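Welcome! Here are some exercises to work through with the model in view. Try each task yourself before reading the solution beneath it.

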Amino acid sequence: MTTPAIELVDIHKSFGSTRVLEGVSLSLFPGEVHSLMGENGAGKSTLVKIMAGLHLPDKGSFRVNGREVLFRSTSQAQQVGVSVIYQEPALFRDLSIAENVFMHRQPKTAYGWIDYAEMNRSVAKHLNQLGVSLRPEDPVLGLSIADQQIVEIIKALTFEAKVLIMDEPTAALSLEEVKRLFQVVERLRSQGVALLFVSHRLEEVFAISQRITVMRDGRVVGSGAATEWTTEEVIRKMVGRSLDALYPKGSAEIGKVVLRVRELRRAGVFKDISFEVRQGEIVALAGLVGAGRTEVARAIFGIDPLDSGEVRIGEMVLANHTPEMAMKAGIGLVPEDRQQQGLVMEMTTMRNATLTVLRRVQRFGLVSRRKEWEIASRWTKRMQLKGHIEEPVNVLSGGNQQKVVLAKWLATRPKLLIVDEPTRGVDVGAKSEVHRTLSQLAKEGMAVMMISSDLPEVIGMADRILVMHEGKLTAELARSDATEETIMFAATGQTESKAGDKANAAPGKQK
Amino acid sequence: MTDQGKSIVANNNLWVGTLVRSREASLVLLILALTATTNILNPRFLSPQSLKDLMLNVSIIALLVLGQTVIILMRQIDLSISSIVGITAFLSGTLFVNHPGIPNLVVVLIAVGAGLALGAVNAALIAWGKIPALITTLGTLYIFRGADYAWVHGRQVNAVNVPGSFLAVGTSTCLGIPLLTWIVLILLALFSIGLRQYRTGREFYAIGSNPGAAVLAGINVNRRVATGFLISGVIAGLAGALWLARFGTVDATAGEGIELSVITSTVVGGVAITGGVGTVVGAVLGALLLSVFSSTLVFLRVPSFWQQAFQGAMLLLAIAMDAYLAHRHALRSRVKWSHV
Amino acid sequence: MNNPMNQSITIKIAALILSLTILGTTSHGEEKEIKKGLKIAFVPKNINNPYNVIETGGSMVACKEMGVEGKVVGPSDPSASSQVSYINTLITQRESAIVLAANDPNALIPYLKRAMDQKIKVVTMDSDTAPEGRSIFVNQATSEGIGRGQVQMLAKEINNQGEIAILSATPNATNQNTWIKFMQEELQKPEYKGMKLVKIAYGNDEDQKSFTETQGLLQAYPNLKGIISPTTVGVAAAARYLSTSPLKGKVALVGLGTPNQMREFVKDGTVKEFALWSPADLGYLAAYAAAQLASGNIEGKEGETFTAGKLGSRTIGKDGVVILGPPTVFTAENIDQFNF
Amino acid sequence: MSENESSTRRLARRLSWEAILGALLLIAISGGGFINKDFLTAENWANLLANFVEIALMALPLSLIVITNEIDLSVASILGLSSCLLGLLWEFKCPMPAAIVICLFAGALCGALNGFLIVRFRLPSLAVTIGTLALFRGFAFILLGDTAVADFPPEYAAFGLGVIAHTFVPAPFAIFIFLAIVFWVVLHHTTIGRSLYSVGGNQTAAFFSGVNIHRLKMLLFICSGTISALAGIIYTFRFSSSRADNGTGFELSAIAAVFLGGVMVQGGKGTITGVVLSLLLIGIINNVLTLADVSNEILRIVTGSLLILSVLLPNLIASTRERWRFMRRQREIAAPV
């Protein structure tokens, strides 16, 4: 076998006290598409960032073409031929495609002027080779995400990239666009480029890769030629942790319908979304990243406008609503990104926790510190928050921050609580605290809608599971029918019957 | 589905293309229309003297607009230019007074050097002191003008003491166009080429368009931003020397308040205040439009007080229009659009 | 003459005063003592106007002669509100007297009254406030004489025919408005029925504003035959614009200007004649008036007389007005005899 | 980035900006008294306080605006416009109380225009208020042109000049004290204040928490317009003078005071106490320098430098600390790899 284009050996990486990578080894060979798979939080992104030169590994060796390297910046990586294409391309929207490709290294004419003709020629050549009908002079403004990725790929090609790493490039693409991307990938592979393809989508992985590596919890749990894998095996490896964590969803009395949505549509994002959530029920919304789950939640909460459809809380119909109105109707939303959307990092826990209930901390029009304290401490105590509530939240750990976000929503006493990835990036202790709280709340009659990519969590917590794929609901599974496999099949867009067959093929998992 | 997608993309490209091209075109049209209308109402509007005055009036603003364009392209702003003009204008005059017979070019070079030094103060504070450009240049607007007053203190340089050959720059013409305007036109051509044909020029656009991506592309953003403020300082220094040539008499107040006209011209000329978009030609046309506009007001005997209000309204109109077009474009291309 | 800058202005003014013909006769016998330890502050319209610098320069010479502690403070913009904070400070500093060139006839009154309540003597020079705001106003010449004289001067040049305009300083300047009032009265006379005042423009005593206002006047009123600019900044700026325009010699310009600023334009024919009193003498006289008041030698009543050094004795007229004397008319023939 | 912030925060915790300002203020007062015997007189303090009352008034709502990460450069133009409008109405024999109300209302309208453009069209407040800076000043000139109105009734002029009985506190300054207390209560002790900080700290999180950002910002700009108009009325009475160029350039002083008061440019931080202290500090420095016959131009340099230093110093301290930390980390990394 030839020398690998990139070879990672025993890479370790921690952020603070969190170990993200624990001894990962990976080799990419020229002329091969290597797929890297794993659940969210498995450590894929960190690995990609190390290869891109954005992070330095704590330990381990990194070889390019057999030579030991240490990237301190992305441009160093690019110079030795390692290019990365991210899910959201970082382009200059006001400049042309050709200029984006050649920024900071434009070819020059004899007089020292920028050689636009040469630039355009070179980009046009690549565009042609990739079979894309774009012109080099076109501005990037107005290009679809897929086309923007093409621009990034061409940028990588002009670096004469020997290694091309694509981090979930298809997450935001339509089927047609994916097809075109794959043609490009195929062409590059045949030219001897080593490709690393990070994806959740099983069918894509099997369609294009020669080699598959599966990661879980910062480790490689399986690696081999694509022909040696079956879909089921990949899924099993990905999720295959034992259900050791405690998911104490107790039985709760399922009551009246709290949330009923009908025919929700937001063009280009999701459509035909209808479901309901009842009192005491935890409904999970499962699916892959980019399937439109978060977007549905945002629309229900009034953050993004709906193109059509109806959101009904109890008897109240919400239309063109704002979060303020949604809150009045009794909805709470624990957003997916707690630092960007959930908390004001510089403010104290107390102020963050009462931000949603400002009306209730007043007395005679003024803020009563006592009431603030009462409300904030009631919920933070209940979740056993560590740390003083008059300290800014940015000194807290991820898990404790998540508890603050939960607390601020529970303080509104919502009828419906939407939680988006409630346990992402939190430690085990906080995780079970969150689960215990959610379960408790359901018991007290709250309706909970939970978005999660953590399948064991979904299965353990939910009474009912709705699965989304590419903006549509593809399955509704009762708790008793749900296995990681059934969910994953629906989430990867396999047809219903096929999902069933495959699930049956996995003995002992299906009832 | 794909065909449809592609046709939308193609449409957009066409549409954007015409839009970009049409900013300059529509400015030219507006200027022509305004000139024609005014000339019908008052035929003296297009008399040679009046045209000469018009060109002279716009020249110094247009010159400053060149520097400001570079700054705004990078999402920055330079309010201190008027104070730099004030200092360098008086400096040039003093040089003529204290060193009779000093070559004109030396004076201009010294003024430009002084502009560079003052620009360097801004550059250092913004690029390395990490103070937002607005605050820095607001502060230096004060400081430079204060220093100007403290230094000049009621003195005045009179036209008598400035050599005729230097004053000629502000008065005499070549091929019917004042020398001052020629200087601006030459610099306009140089800036146009610089921003279009050199890496540094393109990097100014890149930084304003997407600062994060600029860093990823390996551009030294700090250094480019600093370069921009140095350029702005140099231009302001030159403008100071030419201010003396144009007006002959300068005191400590030279140039006070013109930063607003310069910024308004630049923005009206299509340089987006959010960075990354615009050309120097457009910006200079913006300056010309405003100048023709104030001239029109004079010819139609509208009190000159109306000028300022019109200028403000035009600036608001320009940014509102830019925002509207950008918003419409965002809707058309269906980029995921977050509400916040 | 080679050096218009005012570094050595005091020396020159001293020389000038020595060489001046002493106006009026003095009788040294009735001269009263100036108190020791007086402090007099001079507040010009703004400190960076060359005219004001010459004027207060004269005041400082007088202070030196009298053994009085004098100082010049004031704002950098000619506005009444900026003067207020200086007046307040001077009250706090317990000056013996304040000499002021008022930027507004009314706005300063309450503050000046407060000063007088605290036994601080107030003298205005150049530009008056309403009489209740000061004890003595030291006037250049009779306002009536200046105003009517300007009209007569211009009428002579344009044969009593045609449209004329006035280019003034700030709209609230008391002296300017008084003169303009007398100009308008003079124009009512039948011999001037062929002359029509079409516009009063304001250059705010800023060089560039005056310059562009002149330009605007000529553009908006193509039939303009003459301009009166009773302010040194205005007349110099107007002359400069005219000297480079084809209208040079066709549009007559008269006004009040300093010989050094106007020399070039008189010699090249842009301006035939203009007038001015000696600003230094004005400041000198005001200083003496203030010192005499503060010494208790006079109270500012009509009919009182006091001595003013080289200028001899002066009598206080109606409303506490003291007159310096008739202005000098400068022409190509005599201008080289003057240097200020 | 977050580490940068946290080190700034840590610095802030260790040495509160208000404490630094307070110390500087004491130094300035004692220094002023030492340098000049006239400084510590009641009369001088009456002048000192009266001199910056308009700027102080405008700085109050401006602080709130900067806390929400916006800016309003048009305040001084609204002051000028309201002054002109008051003069014009008085000239047309409008009864004074009615004229005052109309002026305040006009100020509110100006603020509403700012708010509308910023909130509805999502335009950057910097660009919008540069535009309205010219527009409102232009309106002022259109209203009064080059003329001035000066014949205000003595009782109103007396209000502008007078002091509160038996104290050295000028009557207009009493309005400022009152409003400063109101703003202090609103910012630090009401839910509006809580919302303002959250919007400035993290606009997205505030929006997700149901804070009505649009309404909040709209209110702020209207408030800023109204108070600027009030400042214009006070200015007019103080000088018995209504002119189109009244208060030109005051926005710079107001902004300088806000930043010097510890309101962070990035939003989310700052207190009314800090702003009031910085206003006093600037006022005292100006007064001491004027008493020492330091010329007007030096005052400009001082104001400009204070503005820059108020942002530069915290930045420098934070970045030096950051660099130290970075270097240490680099050494740690370099070793094993």
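**Exercise 1. The sheet of chain A**

In what order do the six strands of the open sheet in chain A lie?

*Before you start.* This is a predicted model, in which local features need pLDDT of at least 70, side-chain atom pairs count only at pLDDT 80 or more, and totals for chains, interfaces and linings use all residues. Residues are numbered from 1 along each chain as its sequence is written, while chains are lettered from A and ligands numbered from 1 in the order in which they are written.

*Step 1.* The order is 6-7-8-3-9-10, and the pairing is mixed. Strands (E, at least two residues) and helices (H or I, at least four) are DSSP runs numbered from the N terminus, and two strands pair if DSSP finds at least two bridges between them.

*Step 2.* Look for the edges: strand 6 (82–85) and strand 10 (219–225) of chain A each pair on one side only. From one strand to the next, the twist averages 15 degrees.

*Step 3.* Now pick out strand 3 (residues 33–37) of chain A, which runs parallel to strand 8 (residues 194–198) of chain A and is joined to it by four bridges. Opposite Ser35(A) you will find Phe197(A), in strand 8 of chain A.

*Step 4.* Add a helix: helix 5 (residues 145–158) of chain A packs on the sheet, touching strand 6 and strand 7 of chain A, and its direction makes about 175 degrees with that of strand 6 of chain A. Such angles run from 0 to 180 degrees between N-to-C directions, and axes are lines fitted to C-alpha atoms, for helices over the stretch in contact.

**Exercise 2. Two helix pairs**

Describe how helix 4 and helix 5 of chain A cross, then turn to helix 4 and helix 14 of chain D.

*Step 1.* In chain A, the axes of helix 4 (residues 116–129) and helix 5 come within 10 Å and cross at roughly 115 degrees. These two helices of chain A are therefore roughly perpendicular (65 to 115 degrees; under 35 is roughly parallel, over 145 roughly antiparallel, the rest oblique).

*Step 2.* Ser122(A), Val123(A), His126(A) and Leu127(A) of helix 4 of chain A meet Ile154(A), Leu157(A) and Thr158(A) of helix 5 of chain A. Contact here requires C-beta atoms, placed from the backbone, within 7 Å.

*Step 3.* In chain D, helix 4 (residues 53–67) and helix 14 (residues 272–291) pack at about 150 degrees with their axes 10 Å apart, so helix 4 and helix 14 of chain D are roughly antiparallel.

*Step 4.* On the helix 4 side of chain D sit Ala56(D), Ala59(D) and Ser63(D), facing Ile272(D), Val275(D) and Leu279(D) of helix 14 of chain D.

**Exercise 3. Where the chains meet**

Which two chains have the most contacts among the five pairs that touch?

*Step 1.* The answer is chains B and D. Here 41 residues of chain D contact 38 residues of chain B.

*Step 2.* Among the elements of chain D on this side, helix 7 (125–144) gives the most, with 14 residues.

*Step 3.* For contrast, chain A and chain C have no contact, and their closest C-alpha atoms lie 39 Å apart.

**Exercise 4. A helix in chain B**

How many residues of helix 8 (residues 199–209) of chain B are buried?

*Step 1.* Eight of the eleven are buried, so helix 8 of chain B is largely enclosed by the rest of the structure. Buried means 20 or more other C-beta atoms within 10 Å of the residue's own (exposed: 12 or fewer; partly exposed: in between).

*Step 2.* The buried residues of helix 8 of chain B include Arg202(B), Phe204(B) and Ser209(B).

*Step 3.* Their cover includes helix 3 (97–102) of chain A and helix 2 (48–73) of chain B.
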